[in-house]
Amino acid sequence: MTRRIRVLSVMLPLALGLVQPRAAAAQSAREVMEESQKRGQAASQHYEGLLQVVDARGKISDKRWIFDRLGSHGRSRAVLTFMEPPEVRGVALLVVNHPDRASDQWMWTPAIQRERRIALQDRSTRFFGTDFSFEDLEERDTEQYDFRAIADEAIDGAACWKIEAKPRTGKSSQYTLSYVWVRKDNYAFQLVENYARGALARRLRYSRIENVQGIWAGRVLEMTDVRRNSRTVLTLDKLQYNLPMKEERFTLQALRRQ
Amino acid sequence: MMLLRLITWPYVRRHRLRTLLTTAGIVLGVAVFVGMRTANESVLLAFRQTIDRIAGKAELQVAAGEGGLPEDVLERVQAMPEVRAAVPVIEAAVGTNLASEGNVLVLAVDMTGDRSLRDYDLESGDEAVIDDPLVFLAQPDSLIVTREFAARNGLAIGSTVPMRTMEGEKRFTVRGIMKSGGLTQAFGGNLAVMDVYAAQMVFGRGRTFDRVDLALSEGVGLERGRLAIGARLGPGYQVEPPASRGRQIDSVLRVYSFTADMNSAFALFIGMFIIYNAFSIAVTERRREIGILRALGASRARIRALFLAESGIAGLAGSLAGLALGVLLSKGLALYISGLIAGVYGIAERTTEIATEPWLMAAGLLMGVATSLAAGWIPARNAARVDPIQALQKGRYQTLSAGENRVRRAAALALGGASLALLLFAKGWTVLFYAGYICAALALLLVSPTVSLWLTKALRPPLRRLRPVEGALAADSLIQAPRRTSATVTALMLSLSLVIAMGGVARAVYDSIMGWTRTTLNPDLFVTATQNLTERTFRFPESLGDQLEEVEGVEEIQRVRTHRIVYEGSPIMLVAVEAKSMGDRVRRPPVEGPGDMYERAARGEGVILSDNFARLRGLHAGGSIELDTPSGPRRVAVLGLVVDWTDQTGVVLIDRASYVRWWRDDTVNVFRVYVKNGARPQEVRQRIVERFAGAHRLFVLTNREVAAWIAGLTDQWMSLAYAQIAIAVFVAILGIVNTLTVSIIDRRRELGVLQAVGGTRGQVRRTVWMEALAIGTVGLALGLGVGAVTLNYVLEMSQRDVTGLALPYTFPWGTAALLVPLILASAFVAALWPAESAVRGSLVEALEYE
């Protein structure tokens, strides 16, 4: 049975594995990823995010959103609704993840009462001026990646597996290669580096990794756009799992009714 | 070179004013040609540059005429394997209330993905472009402007810009400033970027885009991609490189360019006669010098070369001055043409750069020099034939005019006969028709000296009756030198014939348009989203029609949607209207087709074509045409042909229901409002304005206002041609001055004798004046006659190959009546200086010849 890694918005597929023999090492990396996904699995997720974009000149702009996700295993639906600043209140993003293909994404703009589809071609663009791209909001299928264990390394004092993740042929991604550091003690992600055409494009660092309702998760995520020399810090407040949520909330009609 | 320095230069220095007048013909001819051409090219260049700069990295553009693309087309295109990126675009030229800014081109795009095709900032990071991308998308009043535009108007992030939208004037907030670069130079820098979904609302586009710009996947060639995407989308969609939009505007402007070219050619042709005349003068004046040169051993070839070199140099100097003047004129002309095409075609464009094409400059130079050389050829030949003995004998008056030429008359007769035969029996054959025109033109040119002589002879008795001495002397002077007179008369004839032809065309166009306005475009009121009927930036929702029908005093509403589509590669205008209602209201019989054609169109049985469109494509009632629609190709019956002036490119009238179904577009450009019997249109207009004020951007025009606007547009269309004609007439009048000058030189002895035997200075003056008036009269008579013939050919050419419009032949009596005093007065004014020069000449010197 195909097992997938579900990565919430700002997480990329990771893999872990040990080396030698070669086949066994790849399997071990996959096992790490599967274990990580298993430990992060929940029927739903809710948090209030504080997004701080720090540009190259050090200027900081704050935004707040509420994030809700229903489902898992690549069949999830998520709604991200901006709350602040007042000019963007009500702007929402609906993400419908699919197990076998890229997600569908729509943005809802209340001021003109219109939704717009975020085209697949646009997934590599920046997510509303942050350092995340739309693609970074997707869930990924482990079957779409090849994993290879690279080394054991300590990040911020925590022992980690460093795993290389390469999209398989046919997988559409702006990234040609990712390195993922997975903590050995709780299988949580510590660091992800994404490469495009051989050059480091984005770096995602997890901090304040805490156990919330039995799930280990980073509460502060810092995405750095290496080429632009800017970073975005996302702080997850009021993080909760397995809250009851209605499926009707995660539709375009629901967005229009907002 | 030595001869030029020793012989020519002193002559030029002695006759500075005349040299100036001679070259003025070339200067004006070249200036008109280069000015008009440069202006046209500049307008086209501005349009193409805007297209290129806005296109960015887009390799292809998908459109469905001006009807817009449903949103699902974007998704279909994005999903195609040949497509790397596809983005929606809406473009609109919008008026601002900012002082001296005029229109701003709003480029509406989806900023979430558009940067894959367009560079919004060439120098630094994105944050410099948009202050906050999320706020930009969240707020529909968001605008990005160019740095230059912001600087000119003192705008900064957070400033507001007033713009006229569907909901009246709204203030937009500057949320980004683009740095200088390719894109920001589009539309002369008056560019603003906004969100495409906000633009749908602001410009009344419903859920459509104007077009989709796309880049092809790696390894997909342009032609392969174009064909593949076109095949997947099916007919009704145009998949073309951005540059093809430039070609379409070329096609739209074809009629205009043709008229401008014709007038330029005429101006240059007239200039040629003036030069011919001026050089004839020079040869007359300098025959003594020529005689000396010949006596000293200069060969005939050398004399000929000297005069040809002179005409070449004059042509070169005149052409260079003409080029400079043309370029100077072109800026103003370009602005004028921009306004004109915006009014006539509804195409907005902003010309800031003058396109001084090297080939055009070279062509202008070449034309000027070649014209001058051609004009100087006969005088140079005559100069070479000067007999040195005769030239050196004092008092031997040599008449250069050799008198009538029988061969020429016979040739003129033959050519005239041929042209008549071709006109009567071979009119249907394009080649033969044009051959007939050339025959007629040559015949008229060849016969003009003879006719000119006849007319002058006919004028002698009345002139004598008027003033026995002066009248006879004036007439005899002209009769004795027919060649000298004929060049001026021919120049005058050509310019006046051009006036008559253009006047006739203008009269016919006026009559036809006004007739159409009265009988077909006859609603009491027009509710439009813009201040004129051609601009199609804004559209109304269909539902507004229902609300308009509820206004007290309104009897009926016709919902009209006009948009340009492409038919067999050329843009034409599609007019969708409730055909049944239109049929009930139209009071003009069709050009072709049954009386119930409107009812049949309303039943969806076919379309009605404008007669010009049908004529240019050989279509008739009972035939059929294939229209590419977004819902597939539709072969529809041609139910009938009507006169329709909605657009010069041709009109297809289609019932609105069919249009909405096939084009999936239910928006409206104009509501035609018929008021109830007894209701006053002005009152109904007031009610409409009061009811919708503030809620909708709308203008309510009365039928009279629309008629006046159309008449104004026609005037505007014609006024450039009139300006060119005025120049042509001016050049012809210069010719009269020159002719009279040479006439006085030729008749120094005669005038001297007249004074010696007691003739007064007043008599001499009157002789010269009468001579001028006689030239003017003969020129007028010939010009009106030749104009009558030219008008026939111009109308035929226009109908056959340019516009397809069947305009009735109406001789412009009003214009002709205006020309008589104008030309006679001009001739009189032109004679003042030569007359004074005649009376102030030395009597002794004049009599020395005896």
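A residue counts as partly exposed when its relative accessible area lies between 20% and 50%. In this predicted model, Glu223(B) has 44% relative accessibility and is therefore partly exposed. Arg226(B), at 22%, also counts as partly exposed. The two residues form a salt bridge, with the closest N and O atoms 2.9 Å apart. Both belong to helix 7 of chain B, residues 222–233. They are three residues apart, about one turn of the helix. An α-helix has 3.6 residues a turn, so residues three or four places apart point the same way.

Salt bridges number 48 over all chains. In chain A, one of them joins the side chains of Arg231(A) and Glu222(A), at 3.5 Å from N to O. Arg231(A) is partly exposed, at 35% relative accessibility. Glu222(A) is likewise partly exposed, at 25%. In chain B, a salt bridge links Arg211(B) to Asp213(B), with an N to O distance of 2.7 Å. Here both partners are buried. A network of salt bridges connects residues of both chains: Arg114(A), Glu115(A) and Arg256(A) with Glu71(B) and Arg207(B).

Glu71(B) is also one of the buried residues of helix 3 of chain B, residues 71–78. The others are Val73(B), Leu74(B), Val77(B) and Gln78(B). These buried residues lie on the same side of helix 3 of chain B, because they cover an arc of only 155° around the axis.

The largest nonpolar core contains 63 residues. Met194(B), Phe203(B), Ile229(B) and Ile688(B) have the most contacts inside it. Two domains of chain B, domain 2 (57–241) and domain 4 (539–696), each supply at least three residues to this core. A second, separate core has 59 residues. Its members include Ile163(A), Tyr187(A) and Phe189(A) from chain A, and Leu105(B) from chain B. In soluble globular proteins, nonpolar side chains tend to be buried together.

Residues up to four places away in sequence aside, Met194(B) touches a set of residues that includes Val106(B), Leu107(B), Ala108(B) and Val109(B). Phe136(B), Pro140(B), Phe172(B) and Phe203(B) are also among its contacts.

Strand 4 of chain B, residues 103–109, is mostly covered. Six of its seven residues are buried. This strand pairs with strand 3 (residues 83–95) of chain B in the antiparallel sense, over seven bridges. Within that pairing, Ala108(B) is the bridge partner of Ile90(B). Strand 4 of chain B also runs parallel to strand 8 (residues 191–195) of chain B, to which five bridges join it. Val106(B) stands opposite Ala192(B) in strand 8 of chain B.

In chain A, strand 1 (residues 44–54) is largely enclosed by the rest of the structure, because nine of its eleven residues are buried. Strand 1 of chain A runs antiparallel to strand 2 (residues 60–70) of chain A, and eleven bridges join them. Val53(A) has Ser61(A) as its bridge partner in strand 2 of chain A. Strand 13 (residues 230–241) of chain A pairs with strand 1 of chain A as well, over nine antiparallel bridges. There, Leu51(A) is matched with Leu234(A) as its bridge partner.

Conventions
Residues numbered from 1 in each chain as written. Chains lettered and ligands numbered in written order. Predicted model: local features only at pLDDT ≥ 70, side-chain atom pairs only at ≥ 80, totals over all residues. Heavy atoms only, no water. Buried < 20%, exposed > 50% of the residue type's maximum accessible area, 1.4 Å probe, protein only. Helix = DSSP H or I, 4+ residues; strand = E, 2+ residues; numbered from the N terminus. Arc of directions from axis to C-beta. Salt bridge = Lys/Arg side-chain N within 4 Å of Asp/Glu carboxyl O. Core = buried A, V, L, I, M, F, W, Y, C linked by side-chain atoms within 4.5 Å. Domains from an automatic or database assignment. Contact = heavy atoms within 4.5 Å. Pairing = 2+ DSSP bridges.
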